[in-house]
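Colleague: I am new to this structure. Please take a close look at one part for me, the pairing of two neighbouring helices, and set it within the rest of the protein.

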Amino acid sequence: KNLLEIVRLQKELVGEQTPSYHQCMLDLADFYVLYTGKLKQGEEIYKNSLEKIVSKEVDYKSKFYINNLYNQSKLYQITDKFPLSQTILNKVSDQLKGRYGVGHPFFAEAQEKLAALDIELGKYNDARIKLESSIAILKVKSSELDVAKQYAEALETLALLQMLEGEYTESRKTLNQANKLIRKEISADQQKSSIASEEMFYLNIYTGQYQGTEKKLKESIAVRERRFGNKSRNLITPYNQLGELYVITGDFTDAEKAVNRASVISSSIFGDSSLKFSESLSLLEKIYCAIGDYEKAEEAIRKVLDIQINKYGNNNYHVAQSLNRLALIRYYNKGNAQEIENNFKESLKIIKNTLGEKNPEYADVLKNLALYYIESNKLADAAPLLNTASTIYIQKFGKENVHSAELLILQGNLSYFKKNYSDAKNKYTEAGNIYLKIFDDEHPNYVRTLSLVG
């Protein structure tokens, strides 16, 4: 309301053709992009005020102008218009490099934002090079408040990259370092709704640190609803994370409620052909799969895959994840055997090329391909895959984790089909003990191990 009133007053005092009026319009656009779902309105303002007026009156000496460009780039990134985002960031980076040199914090900030986009697009090696350079520059002047904030953002981006590459311990250390930098500068509510908190939730969920995560996620959702409203796009990620946590803990009814809440918001703001919507849809697929509705699961994952290929292209980590899920569901649906195996192998190829063969995501595909081989009576093919996956999981998560527990069940199945019933029983029992330690005696996978032992 205040920004709209300022815009109205500027229009009356100086007119709609003046740079000062359009700068006020850009303040409004920035607000729309950062805090609301009015993205189309923000995009129109950037086109009319930033590109046609303000860009002709100011240059890259103005930090306000640079921030406007960053926010326009952010708009294009969150609406899946990656080439437009890339063009803006490349131009800003080149201009700042020419004006200030490669050792200036302004240039380092631009490199960090390019690195974040590289991560989104699956260009992990490029992202790491940019981040190492950016962090080295920002660290030197991190005692200055503005630079400290940019340094913290660069560390958050590095933590995300480390998490994707399976460097979980380093990722946690980096996130803690970022939080320490900004803790004194932002409120408790801002901390609970920050990017760093989102990344820490993902890290806790994937590494099996579930205790307390549900409570903290609900606190984050409550804070975001107070700050941004109950239909804000800032609720999409925590609701999806809560849904993912419930899927892991076997609370499928609550999982579906949380994910449906996220999907309604993402569909209303971004549309049902957006990557944001596909994130919720991929979680709904896991829920459908868990309750045995494989037809719905396959329909969902195929739509996810179509969206991802359309936005990212074929050689992307997210596409690989979905190919892995599609192959697994098609196996449950008794699909074409050769196509199922091809989906698994294509997923492995993409992950090998993007994240490497020692990444837990690579192990996830090996595990599912081994499941397929066991059920197809290709026992000799399954054994080495299970051994490789087991080594990766233990290296990344320690001996007692849900990923290794799932693998132990498969190793038990392998022994069972080989008529080595004693070893099968030991594997099932070991898996059950892990589930019991992490969850409780009512968790579906613990109950399943009791059935297998029986």
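Modeller: Start with burial across the whole chain. This is a predicted model. Of its 454 residues, 51% count as buried. The fold is built from 23 helices and 0 strands. Its radius of gyration is 24 Å, close to the 22 Å that the globule rule gives for 454 residues, so the protein is as compact as a globular protein of that length. Along the principal axes, the C-alpha atoms fill a box of roughly 85 × 40 × 40 Å.

Contacts tell the next part. Take those with a sequence separation of 6 or more: residues 24 or more positions apart account for 61% of them. The surface comes to about 21800 Å² exposed, with carbon and sulfur atoms supplying 48% of that area. Charge is spread over 61 positive and 59 negative side chains. The centres of the two sets lie 2 Å apart.

Now the part you asked about. Look at A115 and K130. A115 sits in helix α6, which covers residues 105–120. K130 sits in helix α7, residues 124–140. Set aside neighbours within four places in sequence. A115 is then in contact with A127, K130 and L131. Turn to K130 and apply the same filter: K130 touches Q111, L114, A115 and D118. So the A115–K130 contact appears in both lists, by the usual cut-off of heavy atoms within 4.5 Å.

How covered is A115? Its relative accessibility is 0%, under the 20% limit, so A115 counts as buried.

Both residues can also be placed against distant parts of the chain. A115 and E341 are 226 residues apart in sequence, and their C-alpha atoms are 34 Å apart in space. For K130, take T249 as the marker. T249 is 119 residues away along the chain, and 38 Å separates the two C-alpha atoms.

Other helices help to fill in the picture. Begin at the N terminus with α1, residues 2–14. Helix α1 has 13 residues and spans 18 Å from its first C-alpha to its last, close to the 18 Å expected at 1.5 Å a residue. G15 comes just after α1 and takes a positive phi of about 90°.

Next, N176. This residue belongs to helix α9, residues 168–182. At 40% relative accessibility, N176 counts as partly exposed, because that value falls between the 20% and 50% limits. N176 and A159 are 17 residues apart in sequence. In space, their C-alpha atoms are 9.5 Å apart.

Then S266, in helix α14, residues 252–270. S266 has 0% relative accessibility, so S266 counts as buried. Leave aside neighbours within four places in sequence, and S266 is in contact with I236, G271, S274, K276, F277 and S280.

Finish with two loops. Most residues other than glycine have a negative phi. N377 is not a glycine, yet its phi is positive, at about 65°. N377 lies in the loop between α19 (360–375) and α20 (379–397). With a relative accessible area of 60%, N377 is exposed.

K419 also goes against that general pattern, with a positive phi near 65° in a residue other than glycine. Its loop runs between α21 (402–417) and α22 (421–438). At 62% relative accessibility, K419 counts as exposed, because the value is over 50%.

To look again at the part you asked about, go back to A115 in α6 and K130 in α7. A115 is buried, and K130 is among its contacts.

Note on methods:
Residues numbered from 1 in each chain as written. Predicted model: local features only at pLDDT ≥ 70, side-chain atom pairs only at ≥ 80, totals over all residues. Heavy atoms only, no water. Helix = DSSP H or I, 4+ residues; strand = E, 2+ residues; numbered from the N terminus. Rg over C-alpha atoms; globule rule 2.2 N^0.38 Å. Buried < 20%, exposed > 50% of the residue type's maximum accessible area, 1.4 Å probe, protein only. Areas by Shrake-Rupley, 256 points an atom, 1.4 Å probe, with all protein chains shown as cover. Lys, Arg positive; Asp, Glu negative; His and termini not counted. Charge placed at Lys NZ, Arg CZ, Asp CG, Glu CD. Expected span 1.5 Å × (residues − 1).
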